[in-house]
Amino acid sequence: MAILTTPKSAVQLAGQGRPLREHVFRIALLSSLVIALGFLALLLVYVVQDGWPRLDSALWENQPSIRRPETAGIQSGIFGTLWIIALTALMALPTGILAAVYLEEYADKTKWYNRLIELNISNLAAVPSIVYGILGLGLIARWMQFGFTVMTGAMTISLLVLPIVIISAREAIKAVPPSIREGSLALGATQWQTIWRQVLPAAVPGMATGSILALSRAIGEAAPFLMLGAATLVRFNPEGVWSSFTVLPIQIYSFISQSREEFHVLAAAAIVILLAILLLMNSVAIWLRNRYQKRW
Amino acid sequence: MTSGQRRLLGVATAALVVSLSAAACGGNAKPSGESTSAAAPAESGSAAAPAALSGEVKVDGSSTVAPLTQAASELFGEEQPQVKVPVGTSGTGGGFEKFCAGETDISDASRAIKDEEKAACEAKGIKFTELTVATDALTVVVPKENTWATCLTTDQLKKMWEPGAEGKVNSWKDIDAKFPDEPLKLYGPGTDSGTFDYFTDAINGEEGASRKDYSPSENDNDIVNGVKGAKGGLGYFGFTYFEENADTLTAVQVDSGKGCVAPSVETAQNGTYAPLSRPLFIYPSAAATKRPEVAAFLDFYVGNIGAIAKDAKFVPLNAEQEAKLKSDLQALKGLAG
């Protein structure tokens with residue numbers, strides 16, 4: 001709080017000289033925020049209104065049903081999504097963070113191959129997700145013969161989020177002041193000890209926020225799963241990594257194309273659940289950031 | 001700031017924890033709805049109470065046939081809860097691709113298998129049988145305000161939809177001088193659809209040949225809404241979609257030279273609704289049929305086909321087709337050895 005007041009008064013002091021420009025700029029900033037949040041609020045109101053009649057316990061207690069849309073649920077989709085995200089986190093986060101540590105702390109940036117790797121990671125972050133779906137279908141599902149299972153889905157999504165995890169983890173490591181490293185090394189710690197005991201703990205909030213935002217993006221993906229043949233009607237929860245599965249975005253997609261009105265209400269209710277899971281994950285990100293944040 | 005965030009977080013966490021634990025407790029024990037529904041089909045006759053099977057029967061393919069197989073999967077689940085039958089909707093072509101790669105056990109199809117798909121299956125040594133499980137009547141619809149187009153000949157439909165009509169046939173008057181000068185607004189499925197393939201083949205004489213300046217959509221609800229919203233609108237899709245929207249849309253009768261015929265369960269069944277009534281298929285793999293859970297699912301599907309079709313609001317087979325379906329399945333089992 002003390003930090004917040006200082007720049008605010010500084011802005012006010014500077015603003016006294018040219019009030020008109022200051023006002024215009026501030027209004028421009030504020031309206032950008034209002035537009036962004038306004039659309040989000042509109043979406044939320046619209047979806048909750050549409051899905052309200054079906055936001056009941058049957059939604060998560062029952063399995064989807066083509067025959068009884070009025071009592072159909074989305075349990076298999078909720079569990080499928082949670083399985084995929086948990087497994088993706090297990091695979092993509094350690095790999096991504098270790099890759100980031102290598103690139104920031106060990107890699108010699110004057111070497112051309114390290115710069116090539118960096119460039120490629122940035123490019124991969126912009127590849128459309130359907131391309132990862134094709135890769136997953138050809139490489140993981142068919143060539144590695146993993147079939148259309150939770151494992152295939154999670155591995156594909158891991159590849160999809162890996163570049164984002166690496167980039168955000170690198171930023172977090174970069175944000176650790178060099179004085180911390182230098183101090184640790186000066187006290188006789190090895191490079192490994194410095195990274196493990198000083199750099200990584202200090203970078204946790206940034207890495208956690210970036211990773212969870214990357215996983216949140218993965219939750220909403222439907223395109224790669226369409227390629228991977230996540231079946232649209234699955235009336236059982238995944239029992240392991242080799243089980244068939246479906247995810248919420250696929251279910252929503254299939255509900256919307258049904259002819260009966262009840263399915264459209266069900267789709268809206270499923271969207272609310274998807275948003276609730278997203279909100280929970282983002283809340284965890286904020287909590288982690290606040291919990292571990294250090295100021296130097 | 002932080003306290004506000006913390007409160008928000010608390011609420012969100014509580015909500016999700018509650019919902020997840022409810023999901024975990026409610027769990028699989030409770031099937032959706034009650035199983036006392038009138039549609040719950042009778043035992044298929046010959047077999048005694050079947051032993052509890054487990055395993056997975058993988059189905060993929062046409063999104064038109066999927067609701068039927070999904071209904072079969074649900075009803076079968078009441079009898080064999082341990083057998084999982086996931087049903088995908090990759091489309092007829094996408095389904096055959098997976099089927100001929102040996103990745104699925106049964107493929108749903110809204111058209112017969114093509115020669116190149118057959119070759120792909122043969123290359124992998126996959127034997128199969130074509131089973132006709134239901135009939136569909138491709139329905140041409142106009143909005144209720146349209147009072148003039150109660151019956152259209154196949155020639156008139158061709159005039160509207162043929163590639164040459166593009167940019168030229170823009171008013172109902174262009175089709176028949178007796179029709180009013182109302183702008184013609186066409187809606188139909190996209191080019192990836194089996195419905196599109198069938199309609200263009202039956203009306204324009206060549207599969208895939210269609211004017212391109214219509215509003216295509218993979219989602220039939222868009223076609224319903226488009227036609228509903230324009231007085232001069234016209235579109236086509238499966239009979240089930242028309243039945244769901246019969247209060248706002250009129251089904252046009254089709255005259256293929258033998259008089260006007262309205263699409264209905266009867267006319268689709270006896271084939272008089274020509275040329276737009278079409279068979280819907282499933283293709284089970286012979287090798288998969290050896291597995292008891294696949295055989296049990298197929299027995300159930302074929303044995304209760306009438307009840308399943310009625311339940312999923314499909315046009316059921318007539319007695320003759322149903323008898324053929326049953327003998328085809330027996331032949332497939334012979335093939336499997």
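## A bend in a helix of chain A

A residue counts as buried here if 20 or more other C-beta atoms lie within 10 Å of its own, with C-beta atoms placed from the backbone. With that in hand, let us look at this predicted model, starting with helix α6 of chain A. By that cut-off, the buried residues of α6(A) are A:Y132, A:G133, A:G136, A:I140 and A:A141. Their cover includes two other helices of chain A, α7 (150-174) and α10 (223-227).

Helix α6(A) runs over residues 129-143, which makes 15 residues. From its first C-alpha to its last it reaches 20 Å, close to the 21 Å expected at 1.5 Å a residue. You will still find a bend of about 35 degrees in α6(A), located at A:G136, and A:G136 is also one of the buried residues. Just after the helix, A:Q145 takes a positive phi of about 60 degrees.

## An open sheet in chain B

Now over to chain B, where four strands make an open sheet with mixed pairing, in the order β2-β4-β14-β5. Strands β2 (59-61) and β5 (131-137) of chain B each have a single partner strand, so one side of each is left without a neighbour in the sheet. From one strand to the next, the twist averages 25 degrees.

## Pairing and packing around β4(B)

β2(B) pairs with β4 (residues 106-109) of chain B in the parallel sense, over three bridges. Within these strands, B:D60 stands opposite B:S107 in β4(B).

Helix α3 (residues 91-100) of chain B packs on the sheet and touches β2, β4 and β14 (277-284) of chain B. The direction of α3(B) makes about 160 degrees with that of β4(B).

Notes. Residues are numbered from 1 along each chain as its sequence is written. Chains are lettered from A and ligands numbered from 1 in the order in which they are written. This is a predicted model: local features need pLDDT of at least 70, side-chain atom pairs count only at pLDDT 80 or more; totals for chains, interfaces and linings use all residues. Two strands pair if DSSP finds at least two bridges between them. Axes are lines fitted to C-alpha atoms, for helices over the stretch in contact, and angles run from 0 to 180 degrees between N-to-C directions. Two residues are in contact if their C-beta atoms, placed from the backbone, lie within 7 Å. The expected span of a helix is 1.5 Å times one less than its number of residues. The bend at a residue is the angle between axes fitted to the seven residues ending there and the seven starting there. A residue is buried if 20 or more other C-beta atoms lie within 10 Å of its own, exposed if 12 or fewer, and partly exposed in between; C-beta atoms are placed from the backbone.
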